[in-house]
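Open the model in your viewer and show it as a cartoon, with side chains hidden for now. The stops below each give something to select and then say what is there.

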Amino acid sequence: VYVFYLIPASCLLSPYHTSFVLQKEEVEDNTDANMEGALIARDRVGVQDFVLLDSHTSETSFLNNLRKRYQENLIYTYIGTLLVSVNPYKELDIYTVTQMQLYRGVNFFELPPHLYAIADNAYRVMCSEYNNHFILISGESGAGKTEASKKILQYYAVTCPTTEQLQIVRDRLLLSNPVLEAFGNAKTLRNDNSSRFGKYMDIQFDFKGAPVGGHILSYLIEKSRVVHQNHGERNFHIFYQLLEGGDKDLLCWLGLERNPQKYAYLIQGRCAKVFSINDKNDWKIVRKAFSIIDFTEKDLEHLFGIVASVLHLGNIQFEEDSNGHAIIRNGTQIKWISKVSFPSQVVLVLQVLSPLNVDLAFYARDAVAKAIYGRTFTWLVNKINGSLANKDSTRKTVIGLLDIYGFEVLDTNSFEQFCINYCNEKLQQLLIEMTLKAEQEEYELEGIEWEPIPYFNNKIICDLVEQKHKGIISILDEECLRPGEATDLSFLEKLEEKVGDHAHFVTRKLADQKTRKSIDWVDFRLLHYAGEVTYFAKLNKLFSMSSQVATQFKNSLMSLIEILMSKEPSYVRCIKPNENKEPGKFDDFLIRHQVKYLGLMEHLRVRRAGFAYRRKYELFLQRYKSLCPATWPHWHGPAAEGVERLIKHLGYKPEEYKLGRTKIFIRFPKTLFATEDAFEIRKHLLGMLEACWRGALARKEAKKRTWAVQIIRKFINGFINRKKPLCPENIEFVRLVQYKYFMKLRDHVPKNVLDKSWLRPPSILEETSEMLKKICIRNLVRKYCRGVTAERKVQLQQKVVASAVFRGKKEGYLQSINQPFADTRLSEYTPNLLKGLCQMLTPAPCFQYATPVVKYDRNGFKARERLLVLTQSSAYVVEMAKIKQKIDYATLKGNGVNWCGAFLPISDPLTLPLLCFQGDVILHCEHIFEVVSKLCMLANKQNLVKVVQGR
Ligand SMILES: Nc1ncnc2c1ncn2[C@@H]1O[C@H](COP(=O)(O)OP(=O)(O)OP(=O)(O)O)[C@@H](O)[C@H]1O
């Protein structure tokens with residue numbers, strides 16, 4: 001089938017050939033096309049893109065569409081180029097390598113929504129425009145963010161070009177995940193493998209689009225989990241993995257016991273066995289991953305030493321001495337800590353005697369444990385970055401994957417929720433700016449007048465949180481740094497004083513009568529873009545630390561936003577369908593809540609405010625051209641004009657669309673749906689006609705020649721044999737005939753150069769078939785020539801010369817064809833002569849060939865035994881060791897070597913071949929075809945040979 005590409009462009013001018021090329025594509029992608037067809041057919045549930053929902057978009061219709069699709073296992077839906085994903089909580093067969101190949105390099109909207117389409121689109125644009133991208137994946141805990149980012153990474157690992165060397169990078173990128181998950185993930189009530197940190201990962205690609213390196217940034221690891229876990233939750237996985245999977249010697253060296261129940265930091269949540277977690281197995285995976293991402297045994301010794309130190313720290317108990325100061329009750333843990341963490345010098349912190357009371361001593365112990373773990377996590381990320389780093393300084397493009405906690409609203413929202421929600425507020429702001437910017441840029445690019453889009457800009461809330469001197473974080477800083485004691489009330493008062501008149505800030509004092517009851521005296525409420533959240537502003541000893549963390553977090557968020565701003569965005573919004581991790585259960589209330597907090601309605605409004613649908617003219621025309629006689633089957637002018645004719649024919653009203661430079665913009669989904677419906681009906685009718693035709697053929701085979709069959713056959717034959725397609729329906733049949741022929745031809749192409757068979761084409765394909773035949777034969781000949789050995793090539797060259805000299809001129813030539821020419825005939829020479837020859841040819845004048853001959857005198861009667869020796873430049877007639885005659889090839893002129901069968905010296909003279917040099921030297925030899933061919937080749941004078949027949 002690939003041979004079809006060899007057809008010269010000029011052939012494509014005829015409509016037949018154009019449709020043949022289209023047909024070819026269908027043939028070539030047959031399997032995928034079928035699969036694609038099946039997929040599309042399956043995905044006719046609701047709308048694949050929310051922008052196509054009925055114009056009065058409500059949260060309810062949004063939810064209905066999401067539910068309808070979810071119940072059919074269609075977990076992905078677009079809002080324009082944003083992907084909404086609902087966690088299926090079960091394995092779906094949509095992540096296979098075949099699926100990856102299906103989405104690879106395919107236009108974004110051509111296939112049903114999928115993560116792979118998002119990944120592929122970012123990758124393709126990156127490769128073609130050589131720019132940077134990021135994919136922002138957000139959603140609440142358990143919604144499927146981490147799974148999504150892993151699937152995208154796998155997609156790149158499978159579909160991007162790679163070399164053996166690059167496979168190491170690829171493996172490191174993939175295997176950094178289990179290590180980070182071991183140290184940064186934990187079982188929570190909402191998710192058995194919950195990421196307790198925000199992650200941004202850059203994948204770097206070289207100019208060929210191969211992944212060559214990476215870099216990870218981590219945000220806000222939840223350190224508090226190290227010392228405390230809520231009921232039913234666990235500490236970070238690594239602690240359990242080490243205890244369950246670590247071998248006996250390692251645990252012994254670390255002073256650890258296998259039973260997690262022995263460690264105070266591991267039993268806070270009283271979490272029973274988790275069935276979805278296999279710590280022992282995960283330990284093996286993590287250990288293997290460590291070796292691939294370049295961790296040495298020394299690194300691991302330090303790392304596990306620190307993990308063990310944290311566990312020992314948690315078991316330290318204090319008691320009061322006579323001065324009311326805390327003293328350590330039992331020194332065992334300290335000894336172990338000093339042993340296993342010695343290389344990291346963690347122990348120094350603890351060995352300082354500190355005059356604290358018991359409460360503060362416990363607090364300090366936990367603070368140290370958290371700090372150690374936090375720093376270890378940062379070290380781990382840096383170390384992984386070292387192994388992913390690409391040292392080569394050539395320019396790379398990147399795709400960043402941002403897996404970050406979504407908006408969080410709990411019963412009690414503390415400082416942590418404040419940071420998380422602030423982060424989401426910033427990311428929403430980024431999304432608005434980038435979407436609107438992109439929208440505006442597209443309008444400008446397309447030459448369409450900018451229409452203001454009504455939307456809520458959440459910049460006002462971001463400012464409320466982060467503005468210098470006036471924002472909540474600055475006020476928190478000031479309050480903690482000022483002299484005197486800061487309390488929750490003094491902080492709240494400061495807030496009321498500085499931001500009290502802000503429309504998105506409320507406290508109990510500022511609230512109206514109705515809302516006052518719902519806010520406590522120590523609370524403040526922010527009206528986020530996604531909804532209201534009431535924060536608990538209780539100040540405690542941790543507060544001053546929170547202030548530093550908030551500022552740090554603000555700064556790292558600013559630099560993250562800067563990183564993202566320089567890249568092209570793609571968005572994935574993950575939704576958790578129910579609280580019980582149950583497949584198939586769609587909890588309306590919970591999902592409505594997320595739709596709101598993920599800002600999906602807001603995004604939809606922004607996306608729909610202008611035009612619901614836009615598509616390149618070529619693609620639009622390609623899909624709908626069959627709906628207008630002027631554009632079907634082929635439109636030969638510019639696509640934009642074709643689309644104009646098409647929509648005029650379809651009766652589009654001016655307010656329903658706009659025509660840009662390269663795209664058509666359709667304002668309302670209903671306009672598009674009407675077009676799509678018409679297209680479907682048309683396709684259906686064509687399908688029926690085709691089925692009818694196929695049925696007729698089948699009946700023909702069964703020899704049931706009914707009246708209907710005959711009519712249809714007549715009809716088909718009529719236009720197949722006609723040179724021009726008359727109407728759109730005809731062309732469908734022509735394409736079918738072409739398809740059938742090419743499919744059959746594919747199985748019947750000649751297998752070798754001697755195979756002369758060729759499938760007879762229908763008359764409309766004669767010209768194409770002739771070209772294909774020529775191409776095919778040329779290819780077979782080329783293939784044959786490539787398989788010829790050097791020796792065989794020399795033989796063939798000699799045979800070609802022999803043919804040129806003797807074919808049709810000399811009897812016996814045809815019989816000799818299959819006898820190979822010898823390299824030389826010296827073996828037939830007598831030993832005495834051979835000896836003489838060796839003497840004579842010292843030094844050798846580039847000896848090429850020798851054969852015994854019989855020399856006759858000019859009268860042709862006296863015969864003498866001689867040797868004919870051919871060298872590079874001359875022929876010698878040799879007797880014993882004496883050169884009797886030397887004939888330079890250069891001296892041979894017209895009729896230089898004549899052939900004659902005239903002499904009759906020996907028993908059956910008519911068959912005896914004689915060689916005559918310019919009439920002077922007359923030789924008789926057995927292998928005349930061989931001798932003359934070699935002579936001609938050496939003398940390079942094949943045209944001087946004359947074959948003389950008769951006397
Ligand atoms: N596409 C999917 N197919 C099948 N199961 C999935 C898919 N996405 C998520 N899950 C299931 O849901 C669980 C939670 O997903 P995941 O850990 O990705 O959530 P998350 O949004 O990253 O949560 P967190 O914020 O707590 O880290 C997974 O362990 C897996 O069992």
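The tour starts with the whole chain and then goes through strands, ligand shell, helices and a few backbone oddities.

**The whole chain**

Keep in mind throughout that this is a predicted model. With everything displayed, the protein shows 33 helices and 25 strands. It has 951 residues, of which 34% count as buried. Among contacts between residues at least 6 apart in sequence, 67% join residues at least 24 apart.

**Strands β1, β2, β3 and β14**

Select 76-79, which is strand β1. Which of its residues are buried on each side? Y76 and Y78 are buried on one side, and T77 and I79 on the other, so both faces of the strand are covered.

Extend the selection to 82-86, strand β2, which runs antiparallel to β1 and is joined to it by four bridges. I79 has L82 of β2 as its bridge partner. Two residues separate the strands in this hairpin, and G80 there has a positive phi near 65°.

Now add 568-575, strand β14, where seven of the eight residues are buried. β2 and β14 run parallel, joined by five bridges. To see the register, pick V84, which stands opposite R573 in β14.

Add 133-139, strand β3, which also runs parallel to β14 and shares seven bridges with that strand. Here the pair to pick is I135 and its bridge partner S570 in β14.

**The ligand and its shell**

Select the ligand and display what surrounds it. The shell holds 19 residues, and the closest are G144, T146, E147, S194 and S195. Coloured by type, the shell divides into six nonpolar, 10 polar and three charged residues. Two elements, α6 (145-159) and β5 (194-195), each supply at least two of these residues. The largest share, three residues, comes from α6.

From β5, step back into the loop between β4 (185-186) and β5, and pick N191. Is N191 buried or exposed? It is buried, because 21 other C-beta atoms lie within 10 Å and 20 or more is the cut-off. Beyond its neighbours within four places in sequence, N191 is in contact with S141 and G142. Draw a distance from N191 to K581 as well: the two are 390 residues apart in sequence, yet their C-alpha atoms are 8.2 Å apart.

**Helix α12**

Select 297-314, the 18 residues of helix α12. The end C-alpha atoms are 26 Å apart, which agrees with the 26 Å expected at 1.5 Å a residue. The buried residues of α12 include H302, L303 and the run from G305 to G314. To find what covers these buried residues, show the surrounding helices, among them α8 (224-227), α9 (237-245), α10 (248-254), α13 (332-340) and α15 (358-388).

**Helix α25**

Move to 639-650, helix α25, whose 12 residues reach 16 Å from first C-alpha to last, close to the 16 Å expected. Colour A639, G642, V643, L646 and I647, which are buried. Why do these buried residues line one face of α25? Looking down the helix axis, they fall within an arc of 125°, so they line one face. An α-helix has 3.6 residues a turn, so residues three or four places apart point the same way. Against the buried residues of α25 pack α24 (617-624), β16 (657-659) and β17 (663-666).

Go one step past the end of α25 to G651, where phi is positive, near 80°. Then go back to the loop between α24 and α25, where P633 lies. The peptide bond from W632 to P633 is cis, with omega near 0°.

**Two positive phi values outside glycine**

Most residues other than glycine have a negative phi, and most peptide bonds are trans. Two further picks go against the phi rule.

Select L220, in the loop between β7 (211-219) and α8. Although L220 is not a glycine, its phi is positive, about 45°. L220 is buried, with 20 other C-beta atoms within 10 Å.

Finish at H469, in the loop between α17 (459-466) and α18 (472-481). Its phi is also positive, near 65°. H469 is exposed, with 9 other C-beta atoms within 10 Å.

Terms used. Residues are numbered from 1 along each chain as its sequence is written. This is a predicted model: local features need pLDDT of at least 70, side-chain atom pairs count only at pLDDT 80 or more; totals for chains, interfaces and linings use all residues. A residue is near a molecule or strand if its C-beta atom, placed from the backbone, lies within 6 Å of it. Ala, Val, Leu, Ile, Met, Phe, Trp, Tyr, Cys and Pro count as nonpolar, Asp, Glu, Lys and Arg as charged, and the others, Gly among them, as polar. The expected span of a helix is 1.5 Å times one less than its number of residues. A residue is buried if 20 or more other C-beta atoms lie within 10 Å of its own, exposed if 12 or fewer, and partly exposed in between; C-beta atoms are placed from the backbone. The arc is that of the directions from the helix axis to the C-beta atoms. Two residues are in contact if their C-beta atoms, placed from the backbone, lie within 7 Å. Two strands pair if DSSP finds at least two bridges between them.
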